[in-house]
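Open the model in your viewer and keep a selection tool at hand. The stops below each give something to select and say what is there.

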Amino acid sequence: SNETGETREMGRRSPRVQRTDHVVIRSWPKVIFLYPVMLASFICGGIQAGTGGLDVSGYTEIVGFVFFATLCLNFLVITFEFSRFRMVAVFAVGLAVAFLLLYLGDHYEVFPFLRETLAKLHLKASSSFYFAIGIFSLAIFGGVFVTTRFDYWIINSNEILHKEGFLGDTRRFPSPNLKMTKEIPDVFEFLLLGAGRVVLFPASEKQAVVLNHVLGVNRVELRVQELLSALTVEV
C-alpha cells in the first residue's frame, strides 16, 4: 500500500508534457510587410467616406498626409534591412539632423520655410482611391496565403519534408543531428510580424537550407528545440 501511495504521489507531481510531433515552417514573401498600408487604406477610406467627400476642417489633407507617411515608412521597411547596428546609426543620424535644424533655426528662418513647404503639399484622395488600394492589397495577401500552402517545410521526429508545388512534390531529409539557427536581420520586420530567418543544417546535406521571413520565428525556434530535445531523449 505504501508503494501504491508513493506511485500516486509521483503521478500527481509529474504533469503531462505535451510533446510537439511536428513543426511546419513557411517562408513568406516580403510583400506581407505592406499590411500597414492596407490597414491605412481602409481606415483612411472609411474616414474620407464619413465626411461625404467634403474637406471638413482640413480632414481630407490630414488623412492624405497620414496615408502618404504610412506608405513611405512601409516602403523603407521592405526596401532596406534595418539591423540593430543600422537602427542605432539611423537614430544617431536623426538626432544629428534634429540638432542641426535647431541650430540653424536660431540663425535662419528654417522652420517657417519648412512650414510653408509642407503647406504647399495638398495630399488629397477620394475614398474610392483608398478602398481600391486596400482591396487590391487584400487580394494580393490572399494570393500569397494560398501560395504558401503549397511550399513549406515539415520537421518531424525522424525526417524533414519539403512540400512544394500544386501536386505536393516532396523532398526528404533525415532529421537526426539536425542543427538550426535563428537570425533577426531586420528589426522592423520582427516588430511588425515577429519575422526572422531560420537556417537548417541537415546532417546529410552539404548546403544549409535558408528560410527567410518566417513569421513568429521565436515560437518556431522554441517548438523545434522541443522536438529535437524530445528526439535526443528518445535516442
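A residue is called buried when its relative accessible area is under 20%, and exposed when that area is over 50%, with partly exposed in between. The model is a predicted one.

Begin with helix α2, residues 35-50. Its buried residues are Pro36, Val37, Met38, Ala40, Ser41, Cys44, Gly45 and Gln48. Now add α3 (59-79), α6 (127-148) and α7 (187-193) to the selection: the buried residues of α2 pack against these helices. For a check on the length of α2, take its end C-alpha atoms, which are 23 Å apart. At 1.5 Å a residue, the 16 residues of α2 should span 22 Å, so the two values agree.

Next, turn to the surface and select Phe91, Leu95, Phe99, Leu102, Phe111, Phe113 and Leu114. Together they form a nonpolar patch with about 720 Å² of accessible area. Two elements, α4 (84-107) and α5 (110-119), each give two or more residues to this patch. Which of them provides the largest share? That is α4, with four residues.

Stay with the patch and pick out Phe111, in helix α5. Phe111 counts as partly exposed because its relative accessible area is 34%, which falls between the 20% and 50% limits.

Last, colour the chain by pLDDT. The mean over the chain is 82, and 86% of the residues reach 70 or more. Among the elements, α6 has the highest mean pLDDT, 95, and helix α1 (residues 2-13) the lowest, 44. Select residues 1-18: the pLDDT there is below 50, and the stretch has zero contacts in the model beyond near neighbours in sequence. Where pLDDT is low, predicted coordinates should not be read in detail.

Definitions and conventions: Residues are numbered from 1 along each chain as its sequence is written. This is a predicted model: local features need pLDDT of at least 70, side-chain atom pairs count only at pLDDT 80 or more; totals for chains, interfaces and linings use all residues. Side-chain values use heavy atoms; hydrogens and water are left out. Patches are made of residues with over 30% relative accessible area and no salt bridge: like charges are joined within 9 Å, nonpolar side chains (Val, Leu, Ile, Met, Phe, Trp, Tyr) within 5 Å. Accessible areas come from the Shrake-Rupley method with a 1.4 Å probe; for residues, only the protein chains shown count as cover. A salt bridge is a side-chain nitrogen of Lys or Arg within 4 Å of a carboxyl oxygen of Asp or Glu. Buried means under 20% relative accessible area, exposed over 50%, partly exposed in between (1.4 Å probe, protein chains only). The expected span of a helix is 1.5 Å times one less than its number of residues. Contact means heavy atoms within 4.5 Å. pLDDT is the predictor's confidence in each residue, from 0 to 100.
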